[in-house]
Amino acid sequence: MIWLIILSMAAVVFVSRHLLLEPKIPIRLSKNTLTFLSYSAPAVLTAILAPIVFVPHGELAISLYNPYLTCALVATLLAYITRNTLLTTVLSMGLFFFL
Amino acid sequence: MSTTKSITIPINKSQSFFAGALAVMPLTIAVIPWGILAGSFALEIGLTAVESQAMSAIIFAGSAQLVALGMIKAGIGIGSILITTLLITSRHLLYAIAMRSQISPLPLKWRLGLGFLLTDELFAIANQAHGNDTPAQHHFDRWYALGGGLTFYVGWNIATLLGIVAGQSIDNLGELGLDFAIAATFIAIVVPTVKKPSILVCVLVSLTLAVVCAVFAIQAGLLIAAISGMAAGMAYAKLTNEGGNKIASEHKDDTL
């Protein structure tokens with residue numbers, strides 16, 4: 001079952017990456033579809049990160065004593081100010097392991 | 001970028017290859033904690049070492065792998081896992097559209113190879129200027145892209161292997177807070193993309209719903225939150241007439 005999951009996931013991921021690179025595949029995505037897809041990266045990534053930050057141990061933890069939340073706020077500020085992915089990631093993770 | 005005719009084989013292939021490898025190095029370092037997490041988490045939920053490594057070697061998609069592992073752990077079926085994977089990976093359709101003019105004229109083996117290696121990271125470096133190019137005269141260099149893509153692939157797999165080895169010898173690796181690496185990386189990617197009010201709406205709706213679903217332990221939380229966020233962002237853009245025809249260009253500065 002694990003192998004079935006691995007191989008079918010690999011197929012889904014590969015097709016999404018490769019499909020529109022094929023010259024024989026005409027692009028038939030409508031403008032609305034493209035607009036909708038343009039929100040997919042922020043929406044999906046946020047939906048993955050939000051529970052890690054706000055619900056770290058299965059319970060809502062909106063508190064400054066929640067290191068996930070405080071470090072995420074620091075990361076947000078760093079990303080906003082520096083716009084540097086590596087700097088933001090390294091500094092906020094350093095702070096997290098320090099706390 | 002602007003001219004498709006300028007696809008030329010560079011004078012020195014290996015120089016281009018190593019330039020690409022060098023360009024992707026910072027992003028490769030940033031992904032190490034994730035790779036360790038992907039390897040150790042896979043072992044923890046009961047995959048064998050070979051299966052754990054195969055996820056990174058064959059699927060090669062960090063966020064999709066980690067989310068799928070969480071779903072396997074929760075006993076969720078393959079259908080839901082694949083739908084979620086499709087949603088998470090759908091942003092690659094946009095990357096492919098953006099790079100289509102450069103990659104689609106290449107021979108099949110290049111299309112397949114670069115297609116397999118087309119991650120957020122490769123997309124980020126392939127659209128940066130390198131060498132003596134200024135961004136305006138930047139042209140696509142297949143060896144540069146291959147060097148970057150392969151380096152990142154090897155880095156991701158070594159990090160996964162580290163996680164598998166560490167997971168076998170260290171208990172409670174998950175409690176070290178490696179999952180914060182995911183949050184930190186995604187924050188670093190998402191924040192700079194919030195360039196329009198509609199994207200902020202999208203992020204806030206997705207965030208709120210994801211948290212609510214997590215609190216109530218709703219399994220399809222990721223799907224509900226992400227699709228609602230996308231719909232809310234699009235609706236806001238339509239209602240306020242924000243103008244949404246800059247799709248591909250918006251994504252050029254995604255960094256991961």
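Reader: Is A:R83 buried, partly exposed or exposed?
Author: Bear in mind that this is a predicted model. A:R83 is found in the loop between α4 and α5 of chain A, and its phi is near 55°, a positive value in a residue other than glycine. Buried takes 20 or more other C-beta atoms within 10 Å, and exposed takes 12 or fewer. A:R83 has 14 such neighbours within 10 Å, so the call is partly exposed.

Reader: And B:F60, buried or exposed?
Author: B:F60 also lies in a loop, the one between α3 (49-59) and α4 (62-73) of chain B. Its phi is near 55°, again a positive value in a residue other than glycine. With 22 other C-beta atoms within 10 Å, and the cut-off for burial at 20 or more, B:F60 is buried.

Reader: Why does B:R142 count as buried?
Author: B:R142 lies in helix α9 of chain B. Leaving out residues up to four places away in sequence, it touches B:L106 and B:W110. Burial needs 20 or more other C-beta atoms within 10 Å. B:R142 is buried because its count within 10 Å is 23.

Reader: How far apart are the C-alpha atoms of B:R142 and B:A217?
Author: Along the chain, B:R142 and B:A217 are 75 residues apart. In space, their C-alpha atoms are separated by 45 Å.

Reader: How are α1(B) and α9(B) oriented, roughly parallel or oblique?
Author: Helix α1 (residues 13-30) of chain B packs against helix α9 (residues 142-169) of chain B at about 45°, with axes 6 Å apart. Angles under 35 degrees count as roughly parallel, and 65 to 115 as roughly perpendicular. An angle of about 45° falls in neither range, so α1(B) is oblique to α9(B).

Reader: What classes of residue make up the contact of α1(B) with α9(B)?
Author: The crossing itself is right-handed. On the α1(B) side the contact residues include B:F17, B:F18, B:V24 and B:L27, while those of α9(B) include B:W143, B:Y144, B:G147 and B:F152. Sorted by class, the contact has 12 nonpolar, 7 polar and 1 charged.

Reader: What about α2(B) and α4(B), roughly parallel or oblique?
Author: Helix α2 (residues 32-44) of chain B and α4(B) pack at about 30°, their axes 10 Å apart. The cut-off is under 35 degrees, so α2(B) is roughly parallel to α4(B).

Reader: Which residues meet there, and is the crossing left-handed or right-handed?
Author: From α2(B) come B:W34, B:L37, B:A38, B:F41 and B:A42, and they meet B:G62, B:Q65, B:L66 and B:L69 in α4(B). By class that contact has 7 nonpolar, 2 polar and no charged residues. As for the hand of α2(B) passing α4(B), it's left-handed.

Reader: Let's go between the chains. Which helix of chain A gives the largest share of the side that touches chain B?
Author: In total, 58 residues of chain A are in contact with 78 residues of chain B. On the chain A side, α1 (2-18), α2 (31-38), α3 (40-54), α4 (67-82) and α5 (85-98) each supply at least two residues. By class that side has 43 nonpolar, 12 polar and 3 charged residues. The largest share, 15 residues, comes from α3(A).

Reader: How do α1(A) and α3(B) run, roughly parallel or roughly perpendicular?
Author: Their axes come within 9 Å and cross at roughly 15°. The crossing is right-handed. With under 35 degrees as the cut-off, α1(A) and α3(B) are roughly parallel.

Reader: How many charged residues are in that contact of α1(A) with α3(B)?
Author: α1(A) brings A:I2, A:I6, A:M9, A:A10 and A:V13, and α3(B) brings B:E51, B:A54, B:M55, B:I58 and B:I59. The classes come out as 9 nonpolar and no polar, and the charged count is 1.

Reader: Where does UniProt put "transmembrane region" in chain A, and how far apart are the ends of residues 68-98?
Author: The unreviewed UniProt entry places that feature at residues 36-56 and 68-98 of chain A. Residues 36-56 are 86% helix and 0% strand, with end C-alpha atoms 30 Å apart. Residues 68-98 are 94% helix and 0% strand, and their end C-alpha atoms lie apart by 12 Å.

Technical notes. Residues numbered from 1 in each chain as written. Chains lettered and ligands numbered in written order. Predicted model: local features only at pLDDT ≥ 70, side-chain atom pairs only at ≥ 80, totals over all residues. UniProt positions renumbered as here; feature names shortened; annotations may be inferred. Helix = DSSP H or I, 4+ residues; strand = E, 2+ residues; numbered from the N terminus. Axes fitted to C-alpha atoms, helices over the stretch in contact; angles between N-to-C directions. Parallel < 35°, antiparallel > 145°, perpendicular 65-115°, else oblique. Left-handed = near helix turned anticlockwise from the far one by under 90°. Contact = placed C-beta atoms within 7 Å. Nonpolar A, V, L, I, M, F, W, Y, C, P; charged D, E, K, R; others polar.
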